[in-house]
Structures are given as structure tokens and as C-alpha cells.
2 protein chains.
Amino acid sequence: MLAADVGDLRTEMLFTALRGTDGSSSLAFTIFQELAVNIVEGRLLPGHEVNSAELARRFNTSRTPVREALLLLEREDLVIIPPRRRPYVSPVALPQVREIYEIRASLYGLVSQLLVERATDEEIHGLAEWQALLVEDARLGDVDGYFWHNVGFRNAEASLSKNGELQRRLSSLGLQMHRFRHLSLSLPGRLLHSLADHERLVRAYADRDAALAAAVSRSLVLRGYHAIERSGRV
Amino acid sequence: MLAADVGDLRTEMLFTALRGTDGSSSLAFTIFQELAVNIVEGRLLPGHEVNSAELARRFNTSRTPVREALLLLEREDLVIIPPRRRPYVSPVALPQVREIYEIRASLYGLVSQLLVERATDEEIHGLAEWQALLVEDARLGDVDGYFWHNVGFRNAEASLSKNGELQRRLSSLGLQMHRFRHLSLSLPGRLLHSLADHERLVRAYADRDAALAAAVSRSLVLRGYHAIERSGRV
DNA sequence: TCACGGCAGAGTGTCGACAGTTTGTGAAAA
DNA sequence: TTTTCACAAACTGTCGACACTCTGCCGTGA
């Protein structure tokens, strides 16, 4: 039933850098992925209790793979497993959102810096193509399209930093961020601001200006947080 | 038998920020901690295969908690669990060491920046006391003492950033880093360089110079990597 | 009426067992 | 002698069951 969701090309993007990491290949990871998508897309709300026995029934398995899936979810901070108590979907409170954005800003600053040092001209040109997609989405007012192309752009940047660890950690943070990022972009006017920042970022890449790129990248992320903060929606 | 190791006050420091995170309270986490210490202290070498059945025997448990402990170890990148194959202690190759130091440098830059913005004068004064311990260790040439006081200093900084997520992620990185960090400090002359950097860092804190503190903090970490790189020991 | 204590239901943590897969060994063939 | 194939041992992933713990409800006593 959820295979459709998980198989979806877009949600797939959220897991690419995480896939290699997982231990148990199939059952546990499948359940993990399924639940993770439901959490980040907001179908499983914060505080919702997840029952391993019930999940086992739903997935036609025993509780063992379910438990392992829950551990994977905990590793991504999507659920909290108190000892001897029911696991529940982790809360999304503003202070914690800020913490995550701060980390993400710092790491994307690093990505941009490394990218300038290590990416080839062709690779940087590839980023410009993502940028073109974003421009088009913005022109059409296609918030959803913008959102996912933005994910693609971000993933491409991370990959060009040529630091696999960094890429993995950002992917992990990204999963967490998707729980509230759509809030940020759907705010009025936000999309155009974001686009302008992207523009400056791509230009800094083309100019091979590492310091500027890092600064723009950081502020790009932080601006997303401030938008959420001001919206008062969390 | 290993309780002595794990109970040790110093190794304890490595896990403080990780403790709350764990799902299974006792058995799995105990096994995890035990194995983690053995890996970071170099008693379990990279590539060494860990056999869940054998571990279960050694800890007088079934394989279930052992499996969960292995998942926790995988989360800290201390073991790799290929599907349907034996888990093994993750390798420590120079390129990956570099990746981790890059991330750590960036995040400690963030720590220093946030610390300047958020710590009270008393708290910053507390850091100066750690610094005094380091000076004393350096004077005595006590590399081991310097190492652990340095960990304490770093933990204190992370805590003063008042960003719990950041603290947790640094703790996770730290666990990984301890696998090769002792290499760095035991290099001749390295200790004094490190001390001089600390001195500058503490002064930047006292002066509330966020930009300088962040820069010094980053270079402090990166210098550690360059020392390892030049030593050619990895 | 309200507080306290005990009891039943639900759920987690752990266990031992089983099936399927991988690895290593040894015999057979080239 | 070297290579290939097949078999056996070892190990992983999964399962169903059991004991202990927690939670919520109900009855008892004040």
C-alpha cells in the first residue's frame, strides 16, 4: 500500500545518501523507509505512538524487523524510544528547528567552500541547469516543483563537495528538515527571495569565490529558518 | 570484565551526549558501549569481523541485543554491516579521516561562534580553567592528561553553544575521531602548537570576538588533521 | 467525594529455534 | 598442479513465545 509512496521518485531522493548505510537490507529498511516518509510528509504527527506489535501485523512480519526499523528511525531523530515505553514520533519544537537549521547552515557553508575548491567547470555548469529549473518553477509559481528541484540542487551541491561523510550527514539532516521545510517555502514571497539567493550562489560558484559562496550558502539556509520563525507556524 | 573499562571516568566522557539517544536501555547499550570503547581504543582493529553468535556467548545473552548493539555501532560508523554478511570494524583510511576532520572543523567553528553569542562571562571563565589544566599538562609533558583534558575542554565548549543537536552530533563525530586522535597529539611538538591555539581561542572568547573564535577553532581542528597527514601513520 | 492500592490488559525486551544464504573445504576434472 | 564444482559448516535474518514492566481502571477506605 505504501510501496507507491516509497517507490516515488521524489521521496526516493530523500534516502539516496542513506541507503548504503543501512544494515539489514530488506525488511527492516523497507519498514523504516515507509515510516520515515509518513513522518516527514506529516501523515504521522509528532507525539503519535507507534506500536511494534501493530506494525508487525500491518507489515506481515514479526516484531524483530520492526524493532530494527524503529532503531533506524531513532538514528534519524524521527522517533524517540524511551526505555520500556512506547516509541513515539519525535516532536518538532521551534528551538530544535533552530538548532537543526544552524547546523545545516554551517555544513552547507562547508559544502559550498569545498565545492569551489574541488568541482570542475562542467560540474558547476550542471548546477546552473538545476538553477534554470528553479527559475522556471518560480515563474510558474509551482511551489511543489520548486521544492523538489531545490532538493535536487542541494543534493547535487553536497555530492560535488566530494566529501561522502558530509553528504551522508546532510542527507540525514535533510530528512529531518523536510518535516517543516515545506512550511518555509509556501510562505508568500519566500520563493522569490530563495531564488535570488540561489542566483548569487551560482554566480559565486562560477567566479570560484569560496568565501562568498560559503557566506551566501549559510545565509540561504538561515533565511529559511527566519521565514519559519516569523510565520509563527511551528 | 569490561565493566572496568566502560565505567572508567575518562572513557565515560565519550558517551555522555550519546547516552540519552539510545533506545534499548541496558543490554544492547551496554554491549554497544563495550564494543565501542574497544574499537576507539584500538583493541579491535579495522577489518576485524564481529560475529553476533560469539558476542552473544561472550555477554551471556541471545543474539537479539547483540544485533541491536551492532546497529548502534553502525550508527556511529564504527562497524559496517553488509547485508547477509558478517559485520566488521570499519576501516580508517586517510581520505575518510580528512572528511571527518573537515566536518568537525566546520561544526566547531559554529560552536565557537554560538558560544561567544550565548555563553555568560562565568561560563567562559570556566573554559579558562580547563585551559589552565592543559597548560599544566603541557608543562609536565603529560600527553595522556592533555588528551583527556582536551576532550573535557571540547565538551565544555560544545555544551556552551547551547545547541543540543550540535552537541550530540559532535559527540558522535568525536567517538569516531578518537580512533586516530591520539596519533595526532603524540607527534613531537604537536602538543605545544595545540596549546598555543587554545590560548588564542580562549582569548577570542574573552574578547567576545565571534569571527576570530570561529576561525581559530576551525584551524585548530584542521591543524590536527595536517599533523596526522604529515606523520604518514594512517 | 476523593485519594490510595491493587489488578488486569497491553507492550517491550529477550530468548531459543529455524530457514535461507554465504563461506570454506575437499574431491573431481582438466 | 591448477581449476571447478559440490557439499558441509557457519552465520545471518526472521519468527513465535515468554517474562517482566508499565498503564489505566476499578474497587476500597477515608
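Which helix gives the most to the surface near DNA strand D? In this predicted model, that helix is α6 of chain A, which contributes three residues to the surface in question. In total, 20 residues surround DNA strand D, and the closest of them are A:L27, A:T61, A:S62, A:T64 and B:S52. Both protein chains take part in this surface, since at least two residues each are supplied by α4 and α6 of chain A and by α4 (52-58) and α5 of chain B. When the residues near DNA strand D are sorted by class, five are nonpolar, nine are polar and six are charged.

DNA strand C is likewise surrounded by 20 residues, the closest being A:S52, B:L27, B:T61, B:S62 and B:T64. The elements that each supply at least two residues of the surface near DNA strand C are α5 and α6 of chain A, together with α3 (27-40) and α5 of chain B. Of the elements at this strand, α5(B) gives the most, with three residues. The surface near DNA strand C has six nonpolar, eight polar and six charged residues.

The helix named at the outset, α6 of chain A, covers residues 63-75 and therefore has 13 residues, and the distance from its first C-alpha to its last is 18 Å, close to the 18 Å expected at 1.5 Å a residue. Although α6(A) supplies residues to the surface near DNA strand D, the helix is mostly covered, with eleven of its 13 residues buried. These buried residues are A:P65, A:V66, A:R67, A:E68, A:A69, A:L70, A:L71, A:L72, A:L73, A:E74 and A:R75. What covers them includes α4 (27-40), α5 (52-58) and β1 (79-80) of chain A, and also α5 (63-75) of chain B. Just after α6(A), A:D77 takes a positive phi of about 60°.

On the other side of this helix in the sequence, the loop between α5 and α6 of chain A holds A:N60, a residue that has a positive phi of about 55° although it is not a glycine. For comparison, most residues other than glycine have a negative phi. A:N60 is exposed, because only 12 or fewer other C-beta atoms within 10 Å are required for that class and A:N60 has 7.

Chain A as a whole is divided into domain 1 (6-89) and domain 2 (94-231). The centres of the two domains of chain A, taken over C-alpha atoms, are separated by 26 Å. Where these domains meet, twelve residues of domain 1 of chain A are in contact with 13 residues of domain 2 of chain A. On the domain 1 side, α2 (9-13), α3 (16-19) and α4 of chain A each supply at least two residues, and the residues on that side comprise seven nonpolar, two polar and three charged.

The relation between the two protein chains was examined next. Chain B is superposed on chain A by a rotation of 180° with 0.0 Å of shift along its axis, at an RMSD of 0.0 Å. The two copies are thus related as by a two-fold rotation axis. The same surface serves both copies, in that 100% of the contact residues of chain B recur in chain A. The contact takes 23 residues from chain B and 23 residues from chain A. On the side of chain B that touches chain A, two or more residues are given by each of α5, α6 (94-118) and α9 (164-185) of chain B. Among these, α6(B) gives the most, with nine residues. By class, the side of chain B that touches chain A has eight nonpolar, seven polar and eight charged residues.

Further along chain B, α11 (210-231) is preceded by a loop that joins it to α10 (190-206), and B:R208 lies in this loop. B:R208 is a residue other than glycine with a positive phi, near 60°, and it is partly exposed, with 14 other C-beta atoms within 10 Å. The helix α11(B) itself has 22 residues and reaches 32 Å from its first C-alpha to its last, close to the 32 Å expected at 1.5 Å a residue. Among the buried residues of α11(B) are B:A213, B:A214, B:V216, B:S217, B:R218, B:L220 and B:V221, as well as B:G224, B:Y225, B:A227 and B:I228. After α11(B) comes B:G232, whose phi is positive, near 65°.

Note on methods
Residues numbered from 1 in each chain as written. Chains lettered and ligands numbered in written order. Predicted model: local features only at pLDDT ≥ 70, side-chain atom pairs only at ≥ 80, totals over all residues. Helix = DSSP H or I, 4+ residues; strand = E, 2+ residues; numbered from the N terminus. Expected span 1.5 Å × (residues − 1). Buried ≥ 20, exposed ≤ 12 C-beta atoms within 10 Å, placed from the backbone. Contact = placed C-beta atoms within 7 Å. Near = placed C-beta within 6 Å. Nonpolar A, V, L, I, M, F, W, Y, C, P; charged D, E, K, R; others polar. Domains from an automatic or database assignment. Least-squares fit on C-alpha atoms with pLDDT ≥ 70 in both.
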